[in-house]
Amino acid sequence: MKKEKVLIVEDELDLLDLVDFNLTRKGFVTAGALDGLEAMEKIESFNPDIMVLDLMLPKLDGWEVCRRLRREKRNIPVIMLTAKCMPDDKVKGLEAGADDYVTKPFNIKELVIRIENLLEKKRDKDLHRMLVHEMTNSISAIGGYSRILSKKDEALCGEKKSAYLMNISRQVNYTTELISEINALIEAESGGLSLRTERCDVPEIAARVSESYKGMAHEKGIAMTFTADETVREIEADPFAIKQVFMNLIGNAVKYCGEGGLVEISVKAALNGVFVSVRDNGAGIPRHDLPYIFDKGYRAGNAPKNAGGSGLGLHIAKTLLDKMGATITFGSVEGEG
């Protein structure tokens, strides 16, 4: 998981250092502020994922910091950490826009758990917003092209008409793929997906999935190769999960490979099963993004905006492979694929 940033706003330096030390040890990136005005400045410069906020602060109290945050519609969860423990104080804090309220003295382990829980909710909300945005854009594009095609315009013929129809088809395919990924994620993470083990011909499944992406590859001028050793034996696995993994890996390779590129899929026998490799010579992944590529909703910073993608594919692939007791590894150099 990518390191998330916590802003600690506390005017007692010893307490700020204590919270900072424990959160840093847990892997968070931290910053501190000793008063409310400094907190507002740090929100701009540090851009925290979550804030631990004292109430009785100099210059600007915690209630006002929280109110300003909400007026600006900042998507930053706030945990109020304060000695004010009366019920009315808690109500006032929640009314100001706090997401949680912890009173002093406090247990540092409890505070960490509350931070982690709020961040998990924030990640889910951020992912939900992104998915809704992606689907809305796709449906809007379909609607726009459809309205143009419905008009009786003599200028709309030949290549232009074909291009519009192709764009509609592409958007429909993308939306369908997105819905499939969302369903797979829900099933995999909720425990609702019960894998059914049977004898699987992995080269055959990989070949079928590769074939399904040849149209997209051809459109982009991408060459695809598929090789499979004759010595590969059938394995015990779930065919749906195997297919979903290949769809995500091969689909990503084609999606992010540049025009005129190459995607190579190979299936080889391994000592304890099957080894499948998917390679491309596309943009590659920056080194600082590599530790996070299996995180839910994460997309590399150099991912082309026009390539689409939900950031779910690799997370789903790893989740399914983990459930089957398989492994997935990767290597990438930016600019090389």
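## Structure report: a predicted model

Threonine 329 sits in the segment that follows α10 (313-324). The model is predicted. With a relative accessible area of 69%, threonine 329 is exposed. Serine 277 is 52 residues away from threonine 329 in sequence, yet the two C-alpha atoms are 9.7 Å apart in space.

**Overall make-up**

The protein has 10 helices and 10 strands. It counts 337 residues, and 40% of them are buried. Take the contacts between residues at least 6 apart in sequence: 68% of these join residues at least 24 apart.

**The β1-α1-β2 unit**

Start at the N-terminal part of the chain. β1, α1 and β2 together make a β-α-β unit, and it is right-handed. Strand β1 covers residues 5-9 and strand β2 covers residues 29-33. The two pair in the parallel sense, over five bridges. Within this pairing, lysine 5 stands opposite valine 29 of β2.

Helix α1 holds 13 residues, 13-25. At 1.5 Å a residue they should span 18 Å, and the end C-alpha atoms are indeed 18 Å apart, so the two values agree. Which residues of α1 are buried? They are Leu15, Leu16, Val19, Asn22 and Leu23. These residues cover an arc of only 140° around the axis, which means that they lie on the same side of α1. The other side of α1 carries exposed residues: Asp14, Phe21 and Arg25. Just after the helix comes glycine 27, which takes a positive phi of about 100°.

**The β7-β9-β10 sheet**

Further along the chain is an open sheet of three strands. The strand order is β7-β9-β10, with mixed pairing. β7 (223-228) and β10 (273-280) stand at the edges; each has a single partner strand, so one side of each has no neighbour in the sheet. From one strand to the next, the twist averages 10°.

Strand β9 spans residues 262-270 and pairs with β10 in the antiparallel sense, over eight bridges. Here valine 267 stands opposite valine 276 of β10. In general, the strands of a sheet pair through backbone hydrogen bonds, either parallel or antiparallel.

Helices pack on this sheet. Helix α7 (residues 202-212) touches β7, β9 and β10, and its direction makes about 170° with that of β7. Helix α9 (residues 239-256) also lies across β7, β9 and β10. Its direction runs at about 20° to β10.

**A buried lysine in α5**

Lysine 122 belongs to helix α5, which covers residues 108-150. Is lysine 122 buried or exposed? Its relative accessibility is 12%, and the cut-off for buried is under 20%, so lysine 122 counts as buried. What does lysine 122 touch, apart from neighbours within four places in sequence? The contacts are Asp49, Asn75 and Pro77.

**Backbone exceptions**

Most residues other than glycine have a negative phi, and most peptide bonds are trans. This model has departures from both habits, among them two residues with positive phi and one cis bond.

Asparagine 47 is not a glycine, yet its phi is positive, at about 50°. It lies in the loop between α2 (36-46) and β3 (50-53). Lysine 59 is likewise not a glycine and has a positive phi, about 70°. Its loop runs between β3 and α3 (62-71).

The two residues differ in exposure class. Asparagine 47 counts as partly exposed, because its relative accessibility is 46% and exposed requires over 50%. Lysine 59 is exposed, with a relative accessible area of 67%.

| Residue | Phi | Relative accessible area | Loop |
|---|---|---|---|
| Asparagine 47 | about 50° | 46% | between α2 (36-46) and β3 (50-53) |
| Lysine 59 | about 70° | 67% | between β3 and α3 (62-71) |

The cis bond is the one from lysine 104 to proline 105, with omega near -5°. Proline 105 is in the loop between β5 (100-103) and α5. Helix α5 is also the helix in which lysine 122 is found.

How values were computed: Residues numbered from 1 in each chain as written. Predicted model: local features only at pLDDT ≥ 70, side-chain atom pairs only at ≥ 80, totals over all residues. Heavy atoms only, no water. Helix = DSSP H or I, 4+ residues; strand = E, 2+ residues; numbered from the N terminus. Expected span 1.5 Å × (residues − 1). Buried < 20%, exposed > 50% of the residue type's maximum accessible area, 1.4 Å probe, protein only. Arc of directions from axis to C-beta. Pairing = 2+ DSSP bridges. Right-handed = clockwise from strand over helix to strand, strands pointing away. Axes fitted to C-alpha atoms, helices over the stretch in contact; angles between N-to-C directions. Contact = heavy atoms within 4.5 Å.
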